[in-house]
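Let's take a walk through this fold, starting with the overall layout and ending in the core. Keep the sequence and the 3D view side by side as you read.

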Amino acid sequence: MLTPELLATLSRTYSEAFLRWCRAPGHCRTLAAFHARGEHRAANGDWIEFRLRLSDGVIAETGFSFEGRPVLLAAGEAVCQACVGLTVTSALAACTEEAIAAELGELPDSDCWSLAQVREALRACLLDALAVARHPWKGPYVK
């Protein structure tokens with residue numbers, strides 16, 4: 001997704017752990033059929049949206065789309081990877097800003113807001129998924 005030139009530029013600021021998430025994003029896609037979605041838009045134009053599919057109360061598949069800073073790509077990938085296989089409530093507890101930052105490695109202070117933005121989009125998505133998890137009869141009605 002990112003060009004080699006952009007990755008080289010990012011390598012001057014970000015750690016190898018961060019770049020690992022940017023090199024081959026596997027979750028940066030839109031799910032055609034999903035059970036829940038959540039987004040967060042910032043005043044500067046950055047936005048991120050998560051979508052997920054549930055299977056028996058467990059997160060079976062995740063995807064996200066974004067526009068803005070590269071930290072949204074890396075954090076979105078890390079969050080999607082961490083959420084698959086968890087229940088909705090355990091995913092909410094596991095994906096804190098501190099946990100995301102630990103996955104990404106050293107980050108500039110200016111990226112702290114982006115991590116909060118990712119967390120809020122994930123929170124909105126998981127709250128939407130909680131309704132499906134609590135009311136299984138809504139499961140067949142994929143959005």
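Helices here are DSSP runs of H or I with at least four residues, strands are DSSP runs of E with at least two, and both are numbered from the N terminus. With that in hand, reading along the sequence gives the pattern α-α-β-β-β-α-α-α-α, that is, six helices and three strands. Bear in mind that this is a predicted model, where local features need pLDDT of at least 70, side-chain atom pairs count only at pLDDT 80 or more, and totals for chains, interfaces and linings use all residues. Residues are numbered from 1 along each chain as its sequence is written, and side-chain values use heavy atoms, with hydrogens and water left out.

How does the chain fill space? The C-alpha atoms fit a box of roughly 50 × 30 × 25 Å, taken along the principal axes. Radius of gyration is taken over C-alpha atoms, and the globule rule is 2.2 Å times the number of residues to the power 0.38. The chain comes out at 15 Å, close to the 15 Å that the rule gives for 143 residues, so it is as compact as a globular protein of that length. Contact means heavy atoms within 4.5 Å, and of the contacts with a separation of 6 or more, 63% join residues 24 or more positions apart. Buried means under 20% relative accessible area, exposed over 50%, and partly exposed in between, using a 1.4 Å probe and protein chains only; of the 143 residues, 43% count as buried.

Now find the sheet. Strands of a sheet pair through backbone hydrogen bonds, either parallel or antiparallel. Two strands count as paired if DSSP finds at least two bridges between them. Here three strands form an open sheet in the order β1-β2-β3, with antiparallel pairing. The edge strands are β1 (36-41) and β3, each pairing on one side only. Axes are lines fitted to C-alpha atoms, for helices over the stretch in contact, and angles run from 0 to 180 degrees between N-to-C directions. Neighbouring strands of this sheet are turned by 15° against each other on average, direction ignored.

Follow the strands one hairpin at a time. β1 and β2 share six bridges in the antiparallel sense; G38 has F50 as its bridge partner in β2, and R37 stands opposite R51. Five residues lie between these two strands, and G45 in that hairpin takes a positive phi near 100°. Next, β2 (residues 47-55) and β3 (residues 58-67) pair over nine bridges, again antiparallel. In this pair, E49 has S65 as its bridge partner, while R53 is bridged to E61. The hairpin has two residues between its strands, and D56 in the turn has a positive phi of about 55°. S65 is in contact with W47, I48 and E49, leaving aside neighbours within four places in sequence. Its relative accessibility is 16%, so S65 counts as buried. As for β2, seven of its nine residues are buried.

What packs on the sheet? Helix α3 (residues 70-83) lies across β2 and β3, running at about 175° to β3. Helix α6 (residues 112-134) touches β1, β2 and β3, and its direction makes about 155° with that of β1. Of the 14 residues of α3, 11 are buried, so it is largely enclosed by the rest of the structure. The cover over those buried residues includes α2 (16-23), β2, β3, α4 (88-94), α5 (97-104) and α6. After α3 comes G85, whose phi is positive, near 95°.

Finally, look inside. A nonpolar core is a set of buried Ala, Val, Leu, Ile, Met, Phe, Trp, Tyr and Cys residues joined through side-chain atoms within 4.5 Å. The largest one has 40 residues, and F18, F50, L52, V79, L104 and V118 touch the most other members. α1 (4-10), α2, β2, β3, α3, α4, α5 and α6 each supply at least two of its residues.

Try V118 in helix α6 as a vantage point. At 0% relative accessibility, V118 counts as buried. Not counting residues up to four places away in sequence, V118 touches I48, F50, L72, A75, V79 and I100.
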